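Me: Please take a close look at a single part of this model and tell me how that part sits against the rest of the chain.

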Amino acid sequence: DSVTPIIPVLLKDASTALFFSQKLFDQGILAQAIRPPTVPEHTARLRVTVMATHSKEDIKKALNAFGEIKKEFKSR
């Protein structure tokens with residue numbers, strides 16, 4: 001429910017945020033991992049920025065990538 005173009009995706013754990021960030025980057029999606037000490041412990045997150053230049057297809061690609069990475073993460 002963000003009212004800004006920056007959408008935080010809370011993942012709590014720094015290593016989880018790094019895992020997702022790298023996997024997304026490997027698919028051409030930039031989502032920076034923000035972790036302590038930048039944010040308090042147990043509040044690590046990804047910083048996703050949506051821009052007017054992103055197409056609906058771009059958004060779908062990113063959402064699908066999140067879903068795939070979540071499945072991969074859970075199976076580790």
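Reply: What follows is a close look at helix H1 and its surroundings.

This is a predicted model, in which local features need pLDDT of at least 70 and side-chain atom pairs count only at pLDDT 80 or more, while totals for chains, interfaces and linings use all residues. Residues are numbered from 1 along each chain as its sequence is written, and side-chain values use heavy atoms, with hydrogens and water left out.

Helix H1 covers residues 14–26. Helices (H or I, at least four residues) and strands (E, at least two) are DSSP runs, numbered from the N terminus. The expected span of a helix is 1.5 Å times one less than its number of residues. For the 13 residues of H1 that gives 18 Å, and the end C-alpha atoms are 18 Å apart, so the two values agree.

Which residues of H1 are buried? They are Thr 16, Ala 17, Phe 19, Phe 20, Ser 21 and Leu 24. Buried means under 20% relative accessible area, exposed over 50%, and partly exposed in between (1.4 Å probe, protein chains only). An α-helix has 3.6 residues a turn, so residues three or four places apart point the same way. The buried residues of H1 pack against strand S1 (6–12), strand S2 (32–34), S3 and H2.

Two of the buried residues carry a hydroxyl-bearing name in the sequence list, and they can be taken in turn. Thr 16, in helix H1, has a relative accessible area of 10% and is therefore buried. Leaving aside neighbours within four places in sequence, Thr 16 is in contact (heavy atoms within 4.5 Å) with Leu 11 and Phe 73. Ser 21 also lies in helix H1; its relative accessible area is 15%, so Ser 21 is buried. With residues up to four places away in sequence not counted, Ser 21 touches Ala 31, Gln 32, Ala 33 and Leu 46.

Ser 15 belongs to helix H1 as well, but Ser 15 counts as partly exposed, at 47% relative accessibility. Ser 15 and Arg 35 are 20 residues apart in sequence, and their C-alpha atoms are 8.8 Å apart in space.

Arg 35 is found in the loop between S2 and S3 and is partly exposed, with a relative accessible area of 34%. The C-alpha atoms of Arg 35 and Ala 17 are 7.6 Å apart, with the two positions 18 residues apart in sequence numbering. Outside its neighbours within four places in sequence, Arg 35 is in contact with Ala 14, Leu 18 and Ala 44.

The loop between S2 and S3 also holds Pro 37. A cis peptide bond joins Pro 36 and Pro 37, with omega at about 10°. His 42 is placed in this loop too; His 42 is not a glycine, yet has a positive phi of about 65°. At 64% relative accessibility, His 42 counts as exposed.

Next, the core that H1 helps to form. The largest nonpolar core has 15 residues, and those with the most contacts inside it are Ala 17, Phe 20, Leu 24, Leu 46 and Phe 66. H1, strand S3 (44–49) and helix H2 (56–74) each supply at least two residues of this core. A nonpolar core here is a set of buried Ala, Val, Leu, Ile, Met, Phe, Trp, Tyr and Cys residues joined through side-chain atoms within 4.5 Å. Leu 24, apart from its neighbours within four places in sequence, is in contact with Ile 29, Ala 31, Leu 46, Ala 65, Phe 66 and Ile 69.

Then the two flanks of the helix. Just after H1, Gly 28 takes a positive phi of about 85°. Lys 12, in strand S1, has a positive phi of about 70° although it is not a glycine. Lys 12 is exposed, with a relative accessible area of 60%.

Last, the largest pocket, which has a volume of about 460 Å³. Of the 19 residues that line the pocket, the closest to its centre are Ile 29, Val 48, Thr 49, His 54 and Ala 62. S1, S3 and H2 are the elements that give two or more residues to this lining, and the largest share, 6 residues, comes from H2. On a 1 Å grid over the protein atoms alone, a pocket is an open set of points where a 1.4 Å probe fits, with protein on both sides within 12 Å along at least five of seven lines, and lining residues have an atom within 4 Å of a point. Grid points are joined across faces, edges and corners, and the volume is the space filled by probe spheres set on the points.
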